[in-house]
Amino acid sequence: MAERTATIGSPVGLHARPAAIFTRAAEDSGIQVRISKNGSVPQDAASILGVMTIGAKYGDTVTLHAEGARAERVLEELAELLSRDLDA
């Protein structure tokens, strides 16, 4: 299983619009991606409710998890996405 950490770059955290952008990208990746914070139970990264449940705020570090041949590349892209201000 591949893992990648990312720091939330949106001032509002993973709430509303940033969460929607992230979940859409996770779903479009074509592989199962999960997200967790501080060792919590990993949530489906393609589920807006699951993503918002972890309560990630600006500056928090989250961990992305995935399996498969493209997992490393997908997680790198998603981590980069999370590091940007998605509410701009």
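Which residues are exposed on the other side of helix H3? In this predicted model, they are Glu-72 and Arg-73, and the helix that carries them is a useful place from which to read the rest of the structure.

Helix H3 covers residues 71–82. With twelve residues at 1.5 Å a residue, H3 should span 16 Å, and the distance between its end C-alpha atoms, 16 Å, agrees with that expectation. The buried residues of this helix are Ala-71, Val-74, Leu-75, Leu-78, Ala-79, Leu-81 and Leu-82. When one looks down the axis of H3, these buried residues fall within an arc of 155°, so they line one face of the helix. What covers them includes strand E1, helix H1 (17–28), strand E2 (33–37) and strand E4 (61–66), whereas Glu-72 and Arg-73 are exposed on the other side.

The charged residues of H3 lead outward from this picture to the salt bridges, of which a search of the whole structure finds four. One of them joins Arg-4 to Glu-76, with the closest N and O atoms 2.4 Å apart. This pair links distant parts of the chain, since Arg-4 belongs to strand E1 (residues 2–7) and Glu-76 to helix H3, 72 residues apart. Strand E1 is also among the elements that cover the buried residues of H3. Neither partner is described as buried: Arg-4, at 33% relative accessibility, counts as partly exposed, and Glu-76 is likewise partly exposed, with a relative accessible area of 38%.

A second salt bridge lies within the helix itself, where the side chains of Arg-73 and Glu-77 meet at 3.4 Å, taken from N to O. Because these two residues are four apart in helix H3, about one helical turn separates them. Arg-73 has a relative accessibility of 52% and therefore counts as exposed, the cut-off being over 50%, while Glu-77, at 46%, counts as partly exposed.

Another of the salt bridges pairs Glu-80 with Arg-84, and here the closest N and O atoms are 3.9 Å apart, a value that still meets the criterion because a salt bridge is counted within 4 Å. Glu-80 is partly exposed at 39% relative accessibility, and Arg-84 is partly exposed as well, with a relative accessible area of 42%.

Taken together, helix H3 has one face lined by its buried residues, has Glu-72 and Arg-73 exposed on the other side, and is linked by Glu-76 to Arg-4 in strand E1.

Methods
Residues are numbered from 1 along each chain as its sequence is written. This is a predicted model: local features need pLDDT of at least 70, side-chain atom pairs count only at pLDDT 80 or more; totals for chains, interfaces and linings use all residues. Side-chain values use heavy atoms; hydrogens and water are left out. Buried means under 20% relative accessible area, exposed over 50%, partly exposed in between (1.4 Å probe, protein chains only). The expected span of a helix is 1.5 Å times one less than its number of residues. The arc is that of the directions from the helix axis to the C-beta atoms. Contact means heavy atoms within 4.5 Å.
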